[in-house]
Amino acid sequence: MNIEGFVRIAVATPKVKVCDIEHNTEAVRLGIEEAERHAASLIVFPELVLTAYTCADLFHQTLLIEKTRAALDVLREATKGLSVVAVVGAPVMVQQKLYNCAVILQNGRILAIIPKRNLPNYSEFYEARWFTPGSYAVQMLPWRMPDGSIEEIPFGMNILLEADNDPYFVLAAELCEDVWVADSPSTRHAIAGATIIANCSASDEMIGKGDYRRQLIAATSARLCACYVYANAGDGESSTDLVFGGQDIIAENGSIVTESDRFHTGIYYADVDLQKISQERARMTTFPAPAEGTEDYTRISFHRSEKDIAPLERFVDPKPFVPGNEKERTERCNEIFTLQALGLKKRLEHIGAKTAVIGISGGLDSTLALLVTARAFDMLGLSRENIISVTMPAFGTTDRTYHNAVTLTKELHATLREINIKKAVLQHFSDIGHDPEDHSVTYENSQARERTQILMDIANQTDGIVIGTGDLSELALGWATYNGDHMSMYAVNVGVPKTLVRYLVKFVSDSTDDAALSKCLMDIFNTPVSPELLPPTGDGSISQKTEDLVGPYTLHDFFLYQILRFGFSPKKVFALAERAFSEENQRLSGIREPELYDRATILKWLRKFYWRFFSQQFKRSCLPDGPKVGSVAVSPRGDLRMPSDAVVSLWQKELESL
């Protein structure tokens, strides 16, 4: 692929004819050629696809097995010059025993033959009547070529196929029932290093089985931290007693990235990120290193052609922290809001605090913090009057945010205190010899630190604690005044990125019965993000918009997710961002109001992100306590153990090369 670590994988269910090997072989051949044209690196076909799964006692017919053997030679010859790896289900006779196998072919070679171990022989299944269970041990199977020469082909379950020019592409295979049993062979394969598990399957349909099958494959890919490719038998199988519906699935580490409609034939594709799988295994110290018993694997090398290079076709979510589905987003917001409130509830309960003190600005972060505090007080059965909401107007406060802060406090039945800090800050300027007309960082940070001092002292007065309002995105960028809004006694928003803060506020707006509160919250939702530390414009509107200064939070949250969640390089983060914020990508998901950024804009703010992320670690090294709510966090006691003086030049140099 044109983005490091990605490969295109195909899964196919052709329409078969029972015992018509010539027809089935041609269908498989055409599928392989189509996958090659579509730049797929791998295509997986169903179980026993060359004969059909439902041959029953005809598997004992010598002619059927001999013609299947000849069909494999036809396919081997047909793959000459092709890069795609094909995994094809077929019966194979070995030393007078018949095995149900996955035969792996590429570029004129049969790379390996992998037998099925777990043969179902219950209910509608009678496989033990025809087949012999496979063994983990690998032997070399003599294979007579059409010209009379003999080639040795690895035969057994413990086989890994490795691309010699892609360290992430490591393929293993199992068949149908192997994934349904308690001791799945794929577990051993993944521990031995397989990043892709191919499954040739023939799973018949019955009520409810489709949902269970989907859950099984998704869960298996998550448990193995792998890409699981499941090809299921479909139309054309005998309907004497059963119906087969297809349902091909490609799952990546717990997420289904492609699934066919049941009762349809065809080829389905997915671009999967094998580097992400490898990174995830390295990060998860509980994912086992290759243990005793995995050294007996036979490793087969093959070469992937440069024809594999193709533009990424997969949807890349531009807002990875925010579910695109409204129902899922509402559920996510409810869960996060509850986690935040439970964290604060425990802290208030433990220390016996009588009040909670919040600096309320009328902006998103302080609004969310106040809403969370109100929920925590409700959980504890405490009066919301003991929530002290402090508005502290200064040089940059606008009427809009001031009125929203007052309305919000009133509608939540908290106690409002208004303390204008202009005189105190001007006195401070005089004390330190700072010109009030000099609107530098000192001008801004003096206001933030004055507000923090007031909040801390009111908390002391009222036997309470200060609730921090800063969010995850601000912490990643260091967009906080050290020992100002950076500091609190419990920080409820530290695990919530800015793109999600908006939707949490909207979630409360949508779920409240208070019309006035809902209206106020929606106005806050639509207010530009600003610290309001510089004087407003002539018409009284906000002059200092955060995203004009540090960049769009949508971009920064995307960078944050890719860098901290997966450890991707600047080159890959940039390539993913280009895809995520392209019109083509956002059209794929039906985004109504796409947020698009060009290459230059993405690169500009990615450089800014890396510079700020490295230079501002000292602020994160002394964060107050606060709840982790998602897969990315920056607490120095939890997810991010990073030296404050780490050098960014390695990452900057790669950015410069772009």
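This note goes through the nonpolar cores and the aromatic pairs of the structure.

1. The model is predicted, so that local features need pLDDT of at least 70 and side-chain atom pairs count only at pLDDT 80 or more, while totals for chains, interfaces and linings use all residues. Residues are numbered from 1 along each chain as its sequence is written, and side-chain values use heavy atoms, with hydrogens and water left out.

2. In the largest nonpolar core (buried Ala, Val, Leu, Ile, Met, Phe, Trp, Tyr and Cys residues joined through side-chain atoms within 4.5 Å) there are 86 residues, of which Leu408 and Phe559 touch the most other members. Helix H8, residues 364-380, gives the largest share of this core, nine residues. Apart from this core lies another of 51 residues, including Tyr53 and Ile267.

3. Beyond its neighbours within four places in sequence, Phe559 is in contact (heavy atoms within 4.5 Å) with Val573, Ala577, Ile602, Trp605, Leu606 and Phe609. Ring pairs also link Phe559 into a cluster with Phe609, Tyr610, Phe613, Phe614 and Trp651.

4. The structure holds 24 aromatic pairs, where rings of Phe, Tyr and Trp (its six-membered ring) pair if their centres lie within 6.5 Å, and planes under 30 degrees apart count as stacked, over 60 as edge-to-face and the rest as tilted. The pair of Tyr482 and Phe618 is tilted, because the ring centres are 5.4 Å apart and the planes at 35°. Phe613 and Phe614 form an edge-to-face pair, 6.0 Å centre to centre with 80° between the planes, and both residues are buried (under 20% relative accessible area, with exposed over 50% and partly exposed in between, for a 1.4 Å probe and protein chains only).

Methods. Helix = DSSP H or I, 4+ residues; strand = E, 2+ residues; numbered from the N terminus.
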